[in-house]
Amino acid sequence: MVARVRSVVATVLAMVLVLAAPAAPATAAPTDVCAPLIAAFEAVRQRIVVHNAQPNVFDQNQTAALAAYNAEAAQLTAEQASAQANAQACVDAMSSLASGNSTLDVNPPPERLLATLQNAKDKIPNGFVPPAPPVVGKNWRVPKNSPPRDLYDALRADNPGNLGNAVLQGSPRPVVGGQDPAYPNLVFGANKKGASAASPDHIVPIAEQLNMPGFLQLPPEYMYVVTRSPVNFQWLSWKANLSKQSRSVAGMSGVDPAWQAAQVQLEEQTRASLEAAIARLLASRPPTTP
């Protein structure tokens, strides 16, 4: 009887990728934005199916074939772990950016904008160091002659745009005649369309986001999502938004102290969420990104 040797790793089991669900009803899901990474995971899974379908019993004269089989199994196991980690990190990051008790969701950028964002990013030299943060009370700025200016302009254009009656931070658009929490002696007036004169505000300004650790190393599609993330939007009155501008709410004067204290806390929480999402995304670069 011919002795037979069974492969040490006879079968590679494809692990199930657990995708986090969006935090709120949405028209797009974090899995849509992470589609390239999920597709990369699926491609590895299909290769594992092919590998597992191969004969996995070898006789004592087939040591070379056995070694090749096991080497392929080890390689697929490593690729699977990496692909799963990349996809899961992306989904986790996008899920956190889509949170904030909002009816908005994360969405990938339009294809026509990707080249513009990439070209703008390419103008930033390697080793560029963002300037120091402004002192409290001063606005975050991206000077016109600074390397990231074109990128800032592309990300800032029509951002956030018209959000209609979206729920932001758990609150619907304020109603006409409703009290302004920033200025309790004032109420929301009406705009030309009859809706309340409320403005969607970036809790953490885009100019500050460009200065966050790792942001300028993100692929353009991730930059777009981060700067339009639902977790970073809230409703403010026009007066409050104009007063705040692109600075910390801590620098505002003449506003309700309790509202200001709550806003400072919200700002700190949102900043931490954005920075954590950026860190996750840095670990999950799309396969097509150089």
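Visitor: Is Gln-265 buried, partly exposed or exposed?
Guide: This is a predicted model, and every value here is computed from it. Gln-265 has a relative accessible area of 46%. Buried needs under 20% and exposed needs over 50%. So Gln-265 falls in between: partly exposed.

Visitor: Where does Gln-265 lie?
Guide: Gln-265 belongs to a helix spanning residues 257-282. Helices are numbered from the N terminus. The element that holds Gln-265 is helix 9.

Visitor: How many Å apart are Gln-265 and Ala-250, C-alpha to C-alpha?
Guide: Along the sequence, Gln-265 and Ala-250 are 15 residues apart. In space, their C-alpha atoms are separated by 9.9 Å.

Visitor: What about Ala-276: is it buried, partly exposed or exposed?
Guide: Ala-276 also sits in helix 9. Its relative accessible area is 33%. That is neither under 20% nor over 50%. Ala-276 is therefore partly exposed.

Visitor: How many residues apart along the chain are Ala-276 and Pro-213?
Guide: The C-alpha atoms of Ala-276 and Pro-213 are 9.9 Å apart in space. Along the chain, the separation of Ala-276 and Pro-213 is 63 residues.

Visitor: In what order do the elements of the protein run?
Guide: The protein has 9 helices and 4 strands. Read from the N terminus, the order is β-α-α-β-α-α-α-β-α-α-β-α-α.

Visitor: Of contacts between residues at least 6 apart in sequence, what percentage join residues at least 24 apart?
Guide: A contact here means heavy atoms within 4.5 Å. Take the contacts between residues at least 6 apart in sequence. The share joining residues at least 24 apart is 78%.

Visitor: What percentage of the residues count as buried?
Guide: The protein has 290 residues. Its accessible surface comes to about 14,700 Å², with 57% of that belonging to carbon and sulfur atoms. The buried share of the residues is 44%.

Visitor: Which residues form a disulfide?
Guide: The cut-off for a disulfide is cysteine sulfur atoms within 2.5 Å. One pair has sulfur atoms 2.0 Å apart. The count of disulfides is 1. The pair is Cys-34 and Cys-90.

Visitor: How many residues apart in sequence are the parts tied together by Cys-34 and Cys-90?
Guide: Cys-34 lies in the loop between helix 1 (30-33) and helix 2 (35-53). Cys-90 lies in helix 3 (residues 63-97). So the disulfide ties together parts whose separation in sequence is 56 residues.

Visitor: Is the link of Cys-34 and Cys-90 left-handed or right-handed?
Guide: Both cysteines, Cys-34 and Cys-90, are buried. The angle about their S-S bond is -90°. The link of Cys-34 and Cys-90 is left-handed.

Visitor: Which element gives the largest share of the lining of the largest pocket?
Guide: The largest pocket has a volume of about 710 Å³. Elements giving two or more residues to its lining are helix 5 (149-156), strand 3 (198-202), helix 6 (206-210) and helix 8 (238-244). The largest share is 5 residues, and it comes from strand 3.

Visitor: Which residues lie nearest the centre of the largest pocket?
Guide: The lining holds 30 residues. By class, 14 are nonpolar, 10 polar and 6 charged. Nearest the centre lie Arg-156, Pro-160, Ser-199, Pro-200 and Asn-241.

Visitor: Which residues does a cis peptide bond join?
Guide: Most peptide bonds are trans. Here one bond has an omega of about 15°, making it cis. Its proline is in the loop between helix 5 and strand 3. The cis bond joins Asn-159 and Pro-160.

Visitor: What is phi of Asp-158?
Guide: Asp-158 is in the loop between helix 5 and strand 3. At 63% relative accessibility, Asp-158 counts as exposed. Most residues other than glycine have a negative phi. Asp-158 is not a glycine, yet its phi is positive, at about 50°.

Visitor: And what is phi of Gln-245?
Guide: Gln-245 is placed in the loop between helix 8 and helix 9. With a relative accessible area of 45%, Gln-245 is partly exposed. Gln-245 is a residue other than glycine with a positive phi, near 55°.

Visitor: Which residues does Ser-243 touch, not counting residues up to four places away in sequence?
Guide: Ser-243 is part of helix 8. Its relative accessibility is 19%, so Ser-243 counts as buried. Leaving out residues up to four places away in sequence, Ser-243 touches Tyr-183 and Met-252.

Visitor: How many residues of helix 7 are buried?
Guide: Helix 7 covers residues 220-227 and is mostly covered. Its buried residues include Pro-220, Tyr-222 and Thr-227. Of the 8 residues in helix 7, the number buried is 7.

Note on methods
Residues numbered from 1 in each chain as written. Predicted model: local features only at pLDDT ≥ 70, side-chain atom pairs only at ≥ 80, totals over all residues. Heavy atoms only, no water. Buried < 20%, exposed > 50% of the residue type's maximum accessible area, 1.4 Å probe, protein only. Areas by Shrake-Rupley, 256 points an atom, 1.4 Å probe, with all protein chains shown as cover. 1 Å grid on protein atoms, 1.4 Å probe; cavity = no way out; pocket = protein on both sides within 12 Å on 5 of 7 lines; lining within 4 Å. Points joined across faces, edges and corners; volume = space filled by probe spheres on them. Nonpolar A, V, L, I, M, F, W, Y, C, P; charged D, E, K, R; others polar.
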